[in-house]
Amino acid sequence: MSPLPTVLMNHWARAGARTGVLLATAGLPFLVLAACDAPSSAPVADVASFTESDSAYTIRGLIAQLDIDDERALFGSVTAVVENADGGYVAADGLNQRMVFMDRNLNPVRTVGRHGEGPGEYQLPGVLIRNGDQIAVVDQSHARVTYLTSRGDFVRVHQVGGFLSDATVHPELGLLVVGMEFSDHYLARVAESGQTAFAEVPVRFRDQSAVFQLPIDLVATTPDGLVHVLDGSQLVLASYDGVGRLVGLAYLPEPMRTSLLERDANRIEALGGAARVLGSQLARSLQVLEDGRLFVRITYLDTVGLVLDLNTLRAIPVTKPDDSQWEWIPRTGASFFDGDRLVMEGLKDGPAALVIAETELVAR
């Protein structure tokens with residue numbers, strides 16, 4: 001799930017103007033101001049926890065780079081990155097409403113899409129999903145999913161309707177989306193006949209407040225067919241089988257989880273308190289690695305993400321370089337990780353850029 005750019009925030013701002021509720025962002029990760037309860041960091045006895053590993057993937061030198069103002073691509077913002085079927089990458093440019101197809105060294109091959117309402121046109125392309133040989137583009141403003149070939153040719157579009165923040169394509173269940181269709185379920189299963197509830201939220205994690213709150217959760221499907229939801233307000237991973245039965249619950253590692261929730265609660269308080277907050281994003285994306293592990297994009301101290309092993313409940317941090325003089329500063333934005341390299345937004349002398357950094361698994 002990516003930060004919601006200006007166009008959607010303006011939509012919420014207009015809604016806030018009608019209701020007298022203030023909506024705003026506060027940098028990265030974003031905050032949406034309206035009404036909800038601050039997240040609780042109180043532990044639940046029967047929920048497992050990931051343990052942070054004594055090893056870490058450390059970012060080393062750069063392999064490739066592409067400045068976001070490079071005339072070959074002219075990125076306005078990078079809201080999502082995914083690996084393509086040909087081994088290259090696809091990046092969503094949220095500001096310019098288009099997709100940039102690149103080779104494995106970030107050389108632009110083709111740019112598709114533009115602002116608009118029709119097929120192959122976008123308003124807020126914020127999530128990209130690799131679906132076999134196709135790329136699914138989640139337009140969070142139009143609340144629809146557009147399918148493209150690996151070359152960027154338009155295939156079809158699937159209208160979802162309502163709020164749409166993240167999605168996954170399950171090999172048997174089809175499209176599953178994070179939205180607001182069912183308040184007691186994390187997801188909705190989308191079909192031509194309509195939407196049905198999927199992945200019931202455990203009672204202990206349901207929002208008991210009487211005010212509206214945006215679901216800021218992440219979802220991914222592993223090769224074994226399990227569906228995993230990262231609850232964005234509790235930082236707990238909930239896993240479901242193919243019929244929607246809960247098969248596992250595990251908190252992100254401590255003290256990271258508690259520290260992030262406390263910091264988030266303090267930020268909410270500084271912005272007017274829980275009565276004015278719609279939601280707050282702590283984790284940015286949830287990606288499935290080839291071996292079935294999950295990569296969570298989350299920023300904490302020197303950590304830019306966690307690789308979650310669902311079998312051992314070990315969390316391996318992906319950390320910034322030890323050398324404080326390293327010229328590139330990893331940003332909190334879109335990224336793609338495959339164990340050997342991390343495609344991400346970086347910062348150098350002011351301008352942001354899309355870069356590929358080499359990673360190495362080392363003892364901490």
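## A walk through a strand-rich predicted model

Okay, let me start with one residue: alanine 353 is buried, with a relative accessible area of 1%. Before I go on, please keep in mind that this is a predicted model. Alanine 353 belongs to strand S30, which covers residues 352-363. Who is sitting beside it in space? Its C-alpha atom is 4.1 Å from that of aspartate 67, and those two residues are 286 apart along the chain.

Let me zoom out for a moment. The protein has 364 residues, and 55% of them are buried. For secondary structure, we have two helices and 30 strands, so you'll hear a lot about strands from me. If you take the contacts between residues at least 6 apart in sequence, 52% of them join residues at least 24 apart. As for the outside, the accessible surface is about 15,300 Å², and carbon and sulfur atoms account for 48% of that.

Now, aromatics. How many aromatic pairs does a search of the whole structure find? Five. Here's one of them: tyrosine 57 and phenylalanine 337 have ring centres 5.3 Å apart, and their planes sit at 75°. Anything over 60 degrees counts as edge-to-face, so that's what this pair is. Where are the two rings in the chain? Tyrosine 57 is in strand S4, residues 55-67, while phenylalanine 337 is in strand S28, residues 329-337. The pair therefore ties together parts that are 280 residues apart in sequence.

Are these two buried or exposed? Tyrosine 57 has a relative accessible area of 7%, so we call it buried. Phenylalanine 337 is at 0%, so that one is buried as well. And there's a third ring to add here, because ring pairs link Phe295 with Tyr57 and Phe337 into a cluster.

A second pair to look at is phenylalanine 205 with tyrosine 251, also edge-to-face, at 6.3 Å centre to centre and 75° between the planes. Phenylalanine 205 sits in the loop between S18 and strand S19 (218-221), and tyrosine 251 is in strand S22, residues 246-251, so this pair ties together parts 46 residues apart in sequence. Phenylalanine 205 is buried at 8% relative accessible area, and tyrosine 251 counts as buried at 3%.

Stay on tyrosine 251, please, since something else is going on there. Arginine 257 has its charged end over that ring, 3.8 Å from the centre. There's another arrangement of this kind at tyrosine 147, where the charged end of arginine 156 sits over the ring, 4.0 Å from its centre.

What about the strand that carries tyrosine 251? S22 pairs with strand S21, residues 236-240, in the antiparallel sense, over five bridges. One pairing to find on your screen is serine 239, whose bridge partner in S22 is glycine 248. S21 and S22 make a hairpin with five residues between them, and in the turn glycine 244 has a positive phi of about 90°. S22 is also joined to strand S2, residues 48-49, by two bridges, and those two strands run parallel. There, alanine 48 has alanine 250 of S22 as its bridge partner.

Next, a sheet elsewhere in the chain. Four strands form an open sheet in the order S15-S16-S17-S18, with antiparallel pairing. Which strands are at the edges? S15 (164-170) and S18 (194-200), each of which pairs on one side only. From one strand to the next, the twist averages 30°. If you want to check the register, S15 is joined to S16, residues 174-179, by six bridges, and aspartate 166 stands opposite valine 178 in S16. A general reminder while you're looking at sheets: in a regular strand, side chains alternate between the two faces.

Last stop is threonine 303, in strand S26, residues 303-309. Its relative accessible area is 3%, so threonine 303 is buried too. What does it touch? Leaving out residues up to four places away in sequence, threonine 303 contacts Met256, Ile298, Pro317, Val318 and Thr319.

To wrap up, the things I'd have you look at again are the cluster of Tyr57, Phe295 and Phe337, and tyrosine 251, which pairs with phenylalanine 205 and has the charged end of arginine 257 over its ring. That's it from me, thanks.

Key. Residues are numbered from 1 along each chain as its sequence is written. This is a predicted model: local features need pLDDT of at least 70, side-chain atom pairs count only at pLDDT 80 or more; totals for chains, interfaces and linings use all residues. Side-chain values use heavy atoms; hydrogens and water are left out. Buried means under 20% relative accessible area, exposed over 50%, partly exposed in between (1.4 Å probe, protein chains only). Contact means heavy atoms within 4.5 Å. Accessible areas come from the Shrake-Rupley method with a 1.4 Å probe; for residues, only the protein chains shown count as cover. Two strands pair if DSSP finds at least two bridges between them. Axes are lines fitted to C-alpha atoms, for helices over the stretch in contact, and angles run from 0 to 180 degrees between N-to-C directions. Rings of Phe, Tyr and Trp (its six-membered ring) pair if their centres lie within 6.5 Å; planes under 30 degrees apart count as stacked, over 60 as edge-to-face and the rest as tilted. A charge sits over a ring if NZ of Lys or CZ of Arg is within 6 Å of the ring centre and within 35 degrees of the ring normal.
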